[in-house]
Amino acid sequence: MDKLVLKDGTKIDLVAGSSLGALQIESESRETMLEIWKKLTDENLKSIRIETPDGLTVGKYEDVLLVSETSAVEGGKVKTSFNMREKTSEEKRLDALEESQEIQDEAIIDLGAAARELAEKGGAK
């Protein structure tokens, strides 16, 4: 059985024939499925891979998004399909822009605090 390997090393068993757009799993219960779903965080989806039972990587993906999830109970098991895709170049550029904006905002706050501290002490000498 192939496995989905998340960034943190978590390995999730996949049903045969899974692809990034339809990663299929079977769980013993809804609770088990929810535990797997909770592992699909933004951080864990930054780098994923699909491995064969022999440990051979057959797919490697960066900056993946979970688009949707569909589950059904069949034969006492929860069958789930996770629809994922890699981020577009535009989404990646927007992420980088937002990250640099956060850094800039923090630097401005630090600069403002330093200027206020200097002003309270009577200015630079």
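This is a guided tour of the structure above, stop by stop.

**The whole chain**

Begin with everything shown as a cartoon. Keep in mind that this is a predicted model. Colour by secondary structure, and two helices and seven strands appear. From the N terminus on, the order of elements is β-β-β-α-β-β-β-β-α. The radius of gyration is 22 Å, well over the 14 Å that the globule rule gives for 125 residues, so the protein is more spread out than a compact globule. Turn the C-alpha trace along its principal axes: it spans about 75 × 30 × 25 Å.

Now switch on the surface. Its accessible area is about 8500 Å², and carbon and sulfur atoms account for 53% of that. Buried residues are 21% of the 125 in the protein. Take the contacts between residues at least 6 apart in sequence: 51% of them join residues at least 24 apart.

**First sheet: E2-E1-E4-E5**

Hide the surface. Select residues 3-5 for E1, 11-13 for E2, 47-51 for E4 and 57-62 for E5. These four strands make an open sheet in the order E2-E1-E4-E5, with antiparallel pairing. Why do E2 and E5 each have one side without a neighbour in the sheet? They stand at the edges and each has a single partner strand, so one side of each stays free of a sheet neighbour. Look along the sheet for the twist, which averages 20 degrees from one strand to the next.

Zoom in on E1 and E2. Three bridges hold this antiparallel pair. Select Lys3, then look across to E2: Asp13 stands opposite.

**The E4-E5 hairpin**

Move to E4 and E5. They pair in the antiparallel sense over five bridges. Pick Glu51 and find its bridge partner in E5, Thr57. The two strands form a hairpin with five residues between them. Select Gly55 in the turn: its phi is positive, about 85 degrees.

Next, select Thr52, in the loop between E4 and E5. Is Thr52 buried or exposed? Its relative accessible area is 18%, so Thr52 counts as buried, the cut-off being under 20%. Leaving aside residues up to four places away in sequence, Thr52 touches Asp2 and Val58.

**Asp63, between E5 and E6**

Follow the chain out of E5 to Asp63, in the loop between E5 and E6. Check its backbone. Most residues other than glycine have a negative phi. Asp63 has a positive one, near 50 degrees. Asp63 counts as partly exposed, at 26% relative accessibility.

**Second sheet: E3-E7-E6**

Select residues 23-27 for E3, 64-74 for E6 and 77-86 for E7. They form an open sheet of three strands in the order E3-E7-E6, again with antiparallel pairing. E3 and E6 are the edge strands, each pairing on one side only. The twist here averages 20 degrees from one strand to the next.

Show the side chains of E3. They alternate. Leu23, Ile25 and Ser27 point to one face and are buried. Gln24 and Glu26 point to the other face and are not buried.

Step across to E7. E3 and E7 run antiparallel and pair over five bridges. Which residue in E7 stands opposite Glu26? Select Lys79 to see the match.

Now go to the other pair, E6 and E7. Ten bridges join these antiparallel strands. Select Ser68, and Asn83 stands opposite in E7.

**Helix H1 over the sheet**

Add residues 30-39, which make up helix H1. H1 lies across E3, E6 and E7. Line up the helix with E7: the angle between them is about 15 degrees.

**Last stop: Thr80**

Finish on Thr80 in strand E7. Thr80 is buried, with a relative accessible area of 2%. Show its side chain and that of Ser71. The two make a polar contact at 2.8 Å.

Now display what surrounds Thr80, not counting residues up to four places away in sequence. Thr80 touches Leu23, Gln24 and Ile25, along with Met33, Glu69, Thr70 and Ser71. Leu23, Gln24 and Ile25 are the E3 residues from the alternation stop. Met33 falls within the residue range of H1, 30-39. Glu69, Thr70 and Ser71 fall within that of E6, 64-74.

Notes:
Residues numbered from 1 in each chain as written. Predicted model: local features only at pLDDT ≥ 70, side-chain atom pairs only at ≥ 80, totals over all residues. Heavy atoms only, no water. Pairing = 2+ DSSP bridges. Axes fitted to C-alpha atoms, helices over the stretch in contact; angles between N-to-C directions. Rg over C-alpha atoms; globule rule 2.2 N^0.38 Å. Buried < 20%, exposed > 50% of the residue type's maximum accessible area, 1.4 Å probe, protein only. Contact = heavy atoms within 4.5 Å. Areas by Shrake-Rupley, 256 points an atom, 1.4 Å probe, with all protein chains shown as cover. Polar contact = N/O pair within 3.5 Å; in protein donor to acceptor, adjacent residues only side chain to side chain.
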